[in-house]
Amino acid sequence: MNRGYMGKILMVDLSKGEFREETIRDEVYEKYLSGLGLAAYLLHDRIPAGADPLGPENVLGFVSGLLTGTGSLFAGRWMVVGKSPLTGTWGDANCGGSFSPAIKRCGYDGIFFTGASEKPVYLYIKNNKIELKDASSLWGKDAIESEELLQEQHGRGARVAVIGPSGEKLSLISGICNDKGRIAARSGLGAVMGSKKLKAVVLDGKKRIASYDQAAVRKLSKKCNKWVQFQLPLGPSIGAGLLGTLLRVLPTAMAMDGMIYKMILRQWGTGGLNQMSPEWGDSPIKNWKGSSTDWPLKRSKSADPDKIKRTEFVKYHCYSCPLGCGGKCSMTGKYSETHKPEYESVLALGGLCMNEDTDSLFLLNEMLNRGGMDTISAGATIAFAMECYERGIVTREDMDGIDLAWGNADAMVVLVHKMINREGIGDLLADGSRLAAERIGKGAHLYAVHAGGQEPAMHDGRQDPGFAVHYSVEPTPGRHTIGSQLYYEMFQLWKKVKGLPGKWPFQIYHKNTKYKASIDKAKEAAACSKYMNVINGSGLCMFGTFLGVTRTPTFDWLNAVTGWNKTPEEYMEIGARIQTLKQAFNIRQGVEPKNNKLSGRALGLPPQAEGANKGRTVPIDKMMEDYWQQFGWDSSTGKPTVDTLVRLGIDAR
Amino acid sequence: MPFTINEACTGCGACLKVCPAGAISGEKKKLHAIDAAACIECGACGRTCPSVAVIDQYGKTAAMAKRSRWEKPEFKHEACMSCTICIDACPAHCLEMSEAKDSGNTHAYPYLKAEKACIGCGFCAAECPVDAIFMRTPAPREAKVSSDAVKEAAQ
């Protein structure tokens, strides 16, 4: 076939213990790509309307990308899909590591699970042999321990996706791990896996992945790699922090070029922004109530990127990544090493909770990776609980005697242990802040910051309203890995796609313009969503694509791998089709898109009195309407119109 | 086109043991067969067959060679981007990333960990997008020559 995709999926019925291969027609890939697009196409009808996300009727899928294994770079992402138990919407989570090519090496573009097993099982595929094996002895073990045991049994070449105890205990903020601590964490899909009593998926296939024009793919990859390897000395990390201060003080902002972020990633990883982000208001502080004033450089230095880098003993690259933003770090105490704590984890467990204890960041990171719990949602839920504690909504007695004062790292360690194992107060908090607020009552919901039930990430819409828009309008609400004004600048899509608003290199503009709704901004936001669907259909890493569409040649790779001759506009149309299909999934499930709007506090309602984002409010309603209009959805309800569904050739009811 | 086995097969089972994809079946001392859907065209069966009974993807009889003379990968660190594509490409799982820390450069590099498990298929070199891997026939053990000399000879 030689078009990059395998042309088949595997359906596993866990209730009956049966397997069924399905052939996917070429037209489906042309309309939806592979990966997330293929999953949206398949699951739209297969998950019944009103399905219980934790019931056997939900379908859990693991998909690879169209470009994965073809010699394209940055193509090592795998995605987990299903109806989210956290938000009740289309759910997806994205992860790097080595699992993505493993799916294709078994001969499939995706593996989907229906039904539920009675006892714990894991799926094992070796070459052409597919088995469901007993996982009773693994149940209760943490994600890393389980992966090690499975590799001991099936060889180190076997790739493992596995849930930890939090997924087993159906925590709605649990995810699915691979490569000993890299986790597809969002949307609570670990709980779906737990509800199916599926402990792990272990893959050891050897199939070859063939492209249409391998020489062209390699040529593109070599050129892309030259950009990745270009690195300037960045100096000590405090420079990044001071740059943040400068960006806060200046009345103007500058169009960013992804090469700058690439160099930061190469040097420190995502954590390169640990001090910069709080400075210029990109990172929320103290449960979104605080500001840069509460988290000055002298406090944020607890997560100084250079300090973290000193513990890094080896860089970690996901499959096919020339950049290597990850790392393995040594630590003292119960565990000897951990994946380098990511920016999101550090700020969610640090600044958001006012926690200045560096050692605790490493420990909490490793505990959550092992437990299989989302660090963003866990940190945000603890921050919420801390505010409730401060306000006297919950007492020390309610908290099992834990003194949950702001920044109490020891208390956080105890609490995280309880959340992972659903013990005592941990049981109440293990399902995220929205449900915790409902359970607590007494007006606690005012302090739970979420979009449709999912805690937004450590990027503040009051600094970049693009984040607030995507948190609110995406079919999977609360996600930071789709779009923002900053991402649009870095994607540089206008260089390839006709009709998009262009920017000059390092264009300078007044900050105030960021906070005004406009049609151009809606076009930019819609372009981010469409492009990210293409990226997620390809299995590419968002960080890689930040280099810009000319340096990381997504569209050219796709044409070289598939032999199609599609224009960038045609690929963007595919992105629009996937977006609309995901939204149609939500409508079919009875989701009211308006209800996914981000919590008022995070939108600047009321505006902050001090700090980097002082006095700012996001005109969210107008921005949401404009965005929906861009897709041809009803601008007042966010529901795709019949005309749009027909135009995109979507057969959705 | 997958590999096939012809009537010259004596059923010795050597190919069955070396095949990394589990594509070969057959009873001892009986004609073996390759499952076309499972064959990944690595050529290990052909290189190992003492009866010269394996037909390769081009319809030619595959040549048997002593395992110690099978090609092995050599890694060029200056071109390598540590992307792990080769690790994944290896059907025999014989490559790994180094763990040692080199001060100033903490990137890990691939190396041939399980030398004896290598089947000489060259998939690692074929899939490397930046030509950082070369397949070379190991020098005979008796006449150990410096690696520079090997490079020169190869050019």
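Contact here means heavy atoms within 4.5 Å. The legends below describe close-up views of a predicted model.

**View 1. Surroundings of A:Ala526 in helix H21 of chain A.** Helix H21 spans residues 519-538, and A:Ala526 is part of it. With a relative accessibility of 1%, A:Ala526 counts as buried, because the limit for a buried residue is under 20%. Apart from neighbours within four places in sequence, the residues in contact with A:Ala526 are A:Tyr627, A:Gln630 and A:Phe631. A:Met572 is 46 residues away from A:Ala526 in sequence, and their C-alpha atoms are 9.8 Å apart in space.

**View 2. Surroundings of A:Thr580 in helix H24 of chain A.** Helix H24 covers residues 568-588 and includes A:Thr580. The relative accessible area of A:Thr580 is 0%, so this residue is buried. Residues up to four places away in sequence are not counted among its contacts. Those that A:Thr580 does touch are A:Phe631, A:Trp633, A:Pro640, A:Thr644, A:Leu645, A:Leu648 and A:Ile650.

**View 3. The aromatic pair A:Phe62 and A:Phe99.** Over all chains the count of aromatic pairs comes to 22. In the pair of A:Phe62 and A:Phe99, the ring centres are 6.2 Å apart and the planes stand at 65 degrees, so the pair is edge-to-face. A:Phe62 belongs to strand S3 (residues 60-63) of chain A, and A:Phe99 to helix H3 (residues 99-105) of chain A. The pair therefore ties together parts that are 37 residues apart in sequence. A:Phe62 and A:Phe99 are both buried.

**View 4. The aromatic pair A:Tyr487 and A:Phe491, and a cluster of rings.** A:Tyr487 and A:Phe491 pair edge-to-face, with 6.4 Å from centre to centre and 65 degrees between the planes. Both residues lie in helix H20 (residues 485-491) of chain A; they are four residues apart and so are separated by about one helical turn. A:Tyr487 and A:Phe491 are buried. They also belong to a cluster linked by ring pairs, whose other members are A:Tyr261, A:Phe467, A:Tyr471, A:Tyr531, A:Phe543, A:Phe546, A:Phe555 and A:Tyr571.

**View 5. Charged side chains over tryptophan rings in chains A and B.** In chain A, the charged end of A:Lys566 sits over the ring of A:Trp564, at 5.1 Å from the ring centre. In chain B, B:Arg47 lies over the face of B:Trp70, and its distance from the ring centre is 5.3 Å.

**View 6. An open sheet of three strands in chain A.** The strands follow the order S14-S15-S16, and their pairing is antiparallel. Strand S14 (312-316) and strand S16 (337-339) are the edge strands, each pairing on one side only. From one strand to the next, the twist averages 20 degrees. Four bridges join S14(A) to strand S15 (residues 326-330) of chain A, in the antiparallel sense. A:Glu312 has A:Cys329, in S15(A), as its bridge partner. Helix H14 (residues 358-371) of chain A lies across S15 and S16 of chain A, and runs at about 75 degrees to S16(A).

**View 7. Backbone features in three loops of chain A.** Most residues other than glycine have a negative phi, and most peptide bonds are trans. The peptide bond from A:Leu605 to A:Pro606 is cis, with omega near 0 degrees. A:Pro606 is placed in the loop between H24 and helix H25 (620-630) of chain A. A:Lys180 is not a glycine, yet its phi is positive, about 55 degrees. The loop that holds A:Lys180 runs between strand S10 (176-178) and strand S11 (182-184) of chain A. A:Lys180 counts as partly exposed, at 27% relative accessibility. A:Arg422, also not a glycine, has a positive phi of about 55 degrees. Its loop lies between helix H16 (409-421) and helix H17 (425-429) of chain A.

**View 8. The contact between chain B and chain A.** Chain B supplies 32 residues to the contact and chain A supplies 34 residues. About 2,600 Å² of area is buried between the two chains, and carbon and sulfur atoms give 47% of this area. On the chain B side, B:Met81, B:Asp88 and B:His107 lose the most area to chain A; together they account for 22% of what that side buries.

Note on methods
Residues numbered from 1 in each chain as written. Chains lettered and ligands numbered in written order. Predicted model: local features only at pLDDT ≥ 70, side-chain atom pairs only at ≥ 80, totals over all residues. Heavy atoms only, no water. Phe/Tyr/Trp six-rings, centres within 6.5 Å; stacked < 30°, edge-to-face > 60°. Helix = DSSP H or I, 4+ residues; strand = E, 2+ residues; numbered from the N terminus. Buried < 20%, exposed > 50% of the residue type's maximum accessible area, 1.4 Å probe, protein only. Lys NZ or Arg CZ within 6 Å of the ring centre and 35° of its normal. Pairing = 2+ DSSP bridges. Axes fitted to C-alpha atoms, helices over the stretch in contact; angles between N-to-C directions. Buried area = accessible area lost by both parts, 1.4 Å probe.
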